[in-house]
Amino acid sequence: MMHLLTSPEAWAALLTLTALEIVLGIDNVIFISVIVSRIPEQQAYRARQIGLALALVFRILLLSVLVWLIGLTAPVFSFASYDFSWRDLILIGGGLFLIAKATHEIHAEVEADDGEGDERSAGSAFFWVIVQIIVIDIVFSLDSIITAIGMAQDIEIMVAAVVIACLIMYISSGPVSRFVAEHPTTKMLALAFLVLIGVALVADGLAFHIPRGYIYFAIAFSAAVEFFNVLAKRNRRKAGKSSA
């Protein structure tokens, strides 16, 4: 352990891997922020806490079973000249889930469905939000840990990077969730991002890798445009009040 603390290579690996884990965690934060926006604020806060705690737990558990995880990339069966592993199947299933869920939420937004129902459905909404968060946590955790295995050789570095990234996800989830809830157009943009991410996961599962740099650049560019739209709307509102 001491040689890692004094090794420049270990610190460089930690910084690089932490940055990558934070970037990969953005998808997780966006999904949780969108999915909890349809339940009451108090429940949404608890759901965010549970979701991000589970994200950390799943990542640590996956790191503790590295041999089994590496075996997930071994072919399970072949179809149409493609070899599919358990990792591929999980990525395809998770990507399809993301696409279906984001499409359903977009339809609800377009149809102005506020998601309110009877007491029984309202009472079960929190449970189903947690179930959906667990499903997508597993998918993103798998992608995250396989990246960690490819980037570092020491499990101590992997665990430290994952913990730091999850702490940053936890700190940023509250502001992101509030921003998404307060600005409906931002929520629609976030849902479009989830569709894009889902497509990328399915493509990865089908051995067609879409460079994440392209996806994250598109997300960053669109988010910057949306930020200026929100800022312009706020300034127009202030100008209207001052003129009145």
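Begin by selecting Ala207, which counts as exposed because its relative accessibility is 66%, above the 50% cut-off for that class. The model on display is a predicted one. Ala207 sits in the loop that joins α8 and α9. Its backbone deserves a look: phi of Ala207 is near 65 degrees, a positive value in a residue other than glycine. Keep Ala207 selected and add Phe84. The two are 123 residues apart in sequence, yet their C-alpha atoms are 8.8 Å apart in space.

**The whole chain**

Next, display the full chain as a cartoon. Its secondary structure comes to nine helices and two strands. Traced from the N terminus, the elements follow the order α-α-α-α-β-β-α-α-α-α-α. Colouring by accessibility shows how the residues divide: 39% of the 244 residues of the chain count as buried.

**The nonpolar patch**

Now select Val76, Phe77, Phe79 and Trp86 and switch on the surface. Together these residues make a nonpolar surface patch of about 440 Å². Which strand gives the most to the nonpolar patch? Strand β1, residues 75-79, does so, with three residues. Centre the view on Phe77, a residue of strand β1. Phe77 counts as partly exposed because its relative accessibility is 38%, a value between the 20% and 50% limits of that class.

**The cavity**

Turn the surface off and move to the interior. How many cavities of 30 Å³ or more does a search of the whole structure find? The search finds one, and the volume of the largest cavity is about 30 Å³. To display its lining, select Asp27, Ile197, Ala200, Leu201, Arg212, Ile215 and Tyr216. The elements that give two or more residues to this lining are α8, spanning 184-205, and α9, spanning 212-243. Sorted by class, the lining has five nonpolar residues, two charged residues and no polar ones. The loop between these two helices is the one that holds Ala207, the starting point of the tour.

**Helix α2 and the loop after it**

Select Glu21 next, which is placed in helix α2. Is Glu21 buried or exposed? Glu21 counts as buried, because its relative accessibility is 2% and the class takes in values under 20%. Add Met169 to the selection and draw a distance between the C-alpha atoms. Glu21 and Met169 are 9.8 Å apart in space by that criterion, while 148 residues separate them in sequence.

The last stop is Ser37, found in the loop between α2, residues 8-35, and α3, residues 41-64. Ser37 has a relative accessible area of 25% and is therefore partly exposed. Select Arg178 as its partner for a final distance. The C-alpha atoms of Ser37 and Arg178 are separated by 8.5 Å, although the two residues lie 141 residues apart along the chain.

Key:
Residues numbered from 1 in each chain as written. Predicted model: local features only at pLDDT ≥ 70, side-chain atom pairs only at ≥ 80, totals over all residues. Heavy atoms only, no water. 1 Å grid on protein atoms, 1.4 Å probe; cavity = no way out; pocket = protein on both sides within 12 Å on 5 of 7 lines; lining within 4 Å. Points joined across faces, edges and corners; volume = space filled by probe spheres on them. Helix = DSSP H or I, 4+ residues; strand = E, 2+ residues; numbered from the N terminus. Nonpolar A, V, L, I, M, F, W, Y, C, P; charged D, E, K, R; others polar. Patch = residues over 30% accessible without salt bridge, like charges linked within 9 Å, V, L, I, M, F, W, Y side chains within 5 Å. Areas by Shrake-Rupley, 256 points an atom, 1.4 Å probe, with all protein chains shown as cover. Salt bridge = Lys/Arg side-chain N within 4 Å of Asp/Glu carboxyl O. Buried < 20%, exposed > 50% of the residue type's maximum accessible area, 1.4 Å probe, protein only.
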